[in-house]
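Let's take a walk through a protein model together. Have the sequence and the 3D view open, and look for each residue as it comes up.

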Amino acid sequence: MEELNQTHPLAKSTALLKQLPNIFEQSEKPSPMFITLWSLIEAILNMTKCIVKFHELPPHYISPDQPPMLVATTLIPAAVYWTIGSVVACTFQIISLIGLDHKSNIPWTTEGGELLSLAQKVKTIHENLTKQLCLCNQYIDEKKLAEAYNTLVQLFETSQVDNTKLLKALINYANDDLMPLIDCSTGKRVGVEVLRDNQVLLLISDLDISQEELMILKQLVSKGCTVWR
């Protein structure tokens, strides 16, 4: 069944690799057993990705003793346990499917109920872990903002020989290969280095810039000043 193949590409690949019966062409809709198996596999993948994201969090911005990390630390062992158990259950079910005749319907057995219970269990733990991951990312963002603010305060309070250091910090510019500015006279992107040793007037506004501010910029251009944005 072409629609089913597109909806469940992982299952189709598994069928081809394992020489499973061609369940895609035997019915108008997927069997409950197949839907439950796919749901559990999807839950396993989501849980695994979430756990990996916790290990990728920058330790210099969040420590293990922070509340969201403490909660996550208590949840991850259970998450790993149920994930491994689910992988074993899926493997057993896939092996059992290999022996079915290609004209056989996939029956709903007690194993199907166990798979459904496992899928619900894994999804619940994943939801709780995702909440803690969001809290961790929120904490990290706040730490980065505080770090950027403190850097600006220190730069403003210190005499600067090179003005580009302060300008890079103002526009959150970290990569020398990037060109965050646009030369309004040419429309080309340029780096902060073009402002080195120049007197720089900063006009800070939101996207709804007023006509008065635009007139000031036009006057600056008419007087030979170069405008970047």
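## Contacts and the overall picture

Two residues are in contact when heavy atoms of theirs lie within 4.5 Å. Keep that in mind for this predicted model. Among the contacts in the protein between residues at least 6 apart in sequence, 70% join residues at least 24 apart.

What is the chain built from? The secondary structure comes to seven helices and two strands. Following the sequence, you meet them in the pattern α-α-α-α-α-α-β-β-α. The protein has 229 residues, and 30% of them count as buried. Its accessible surface is about 15,700 Å², and carbon and sulfur atoms account for 59% of that.

## Helix 3: methionine 47 and isoleucine 51

Start with helix 3, which covers residues 32-55. Methionine 47 sits in this helix. Is methionine 47 buried or exposed? Its relative accessible area is 0%, so methionine 47 is buried. Leaving out residues up to four places away in sequence, methionine 47 touches Ala79, Thr83, Val122, Ile125, His126 and Leu129. You can also check a distance here: methionine 47 and valine 80 are 33 residues apart along the chain, and their C-alpha atoms are separated by 8.6 Å.

Isoleucine 51 lies in helix 3 too. With a relative accessible area of 12%, isoleucine 51 is buried, since the cut-off for buried is under 20%. Setting aside neighbours within four places in sequence, isoleucine 51 is in contact with Ile76, Ala79, Val80 and Leu129. Isoleucine 51 and histidine 126 are 75 residues apart in sequence, yet 9.0 Å apart in space, C-alpha to C-alpha.

## Helix 4: serine 86

Now move on to helix 4, residues 67-98, where you'll find serine 86. Serine 86 has a relative accessible area of 0%, so it counts as buried. Which residues does serine 86 touch, if you skip those up to four places away in sequence? They are Leu40, Ile44, Leu118 and Val122. Leu40 and Ile44 fall within the stretch that makes up helix 3, residues 32-55, while Leu118 and Val122 fall within helix 5, residues 110-157.

## Helix 5: glutamine 132 and leucine 133

Helix 5 spans residues 110-157, and leucine 133 is part of it. Leucine 133 is buried, with a relative accessible area of 8%. Not counting residues up to four places away in sequence, leucine 133 touches Cys50, Lys53, Phe54 and Leu57. Leucine 133 also gives you another pair to find: it is 82 residues from isoleucine 51 in sequence, and the two are 9.2 Å apart in space, C-alpha to C-alpha.

Glutamine 132 lies in helix 5 as well. Glutamine 132 has a relative accessible area of 13%, so it is buried. Its contacts, again leaving out residues up to four places away in sequence, are Phe54, Pro68, Val71, Ala72 and Leu75. Phe54 is on the contact list of glutamine 132, and Phe54 is on the list of leucine 133 too.

## Cysteines without a bridge

How many disulfides does the structure hold? The count is zero. Take cysteine 136: its sulfur is 9.3 Å from the closest cysteine sulfur, the one in cysteine 134, so it is too far away for a bond. For a disulfide, the two sulfur atoms would have to be within 2.5 Å.

Cysteine 136 is buried, with a relative accessible area of 0%. Cysteine 90 counts as buried too, at 5% relative accessibility.

## One aromatic pair

Time to look at rings. A pair of aromatic rings is described by the distance of the centres and the angle of the planes. The count here comes to one aromatic pair. Tyrosine 81 and tryptophan 82 form this pair, which is edge-to-face, with 5.3 Å from centre to centre and 85° between the planes.

Tyrosine 81 counts as exposed, at 57% relative accessibility. Tryptophan 82 is partly exposed, with a relative accessible area of 28%.

## A nonpolar patch on the surface

Last stop: the outside. Phe156, Leu170, Ile171, Val200, Leu202 and Ile204 form a nonpolar patch on the surface, and together they have about 570 Å² of accessible area. Phenylalanine 156, one of these residues, has its place in helix 5. At 55% relative accessibility, phenylalanine 156 counts as exposed, because the cut-off for exposed is over 50%.

Conventions: Residues are numbered from 1 along each chain as its sequence is written. This is a predicted model: local features need pLDDT of at least 70, side-chain atom pairs count only at pLDDT 80 or more; totals for chains, interfaces and linings use all residues. Side-chain values use heavy atoms; hydrogens and water are left out. Helices (H or I, at least four residues) and strands (E, at least two) are DSSP runs, numbered from the N terminus. Buried means under 20% relative accessible area, exposed over 50%, partly exposed in between (1.4 Å probe, protein chains only). Accessible areas come from the Shrake-Rupley method with a 1.4 Å probe; for residues, only the protein chains shown count as cover. Rings of Phe, Tyr and Trp (its six-membered ring) pair if their centres lie within 6.5 Å; planes under 30 degrees apart count as stacked, over 60 as edge-to-face and the rest as tilted. Patches are made of residues with over 30% relative accessible area and no salt bridge: like charges are joined within 9 Å, nonpolar side chains (Val, Leu, Ile, Met, Phe, Trp, Tyr) within 5 Å. A salt bridge is a side-chain nitrogen of Lys or Arg within 4 Å of a carboxyl oxygen of Asp or Glu.
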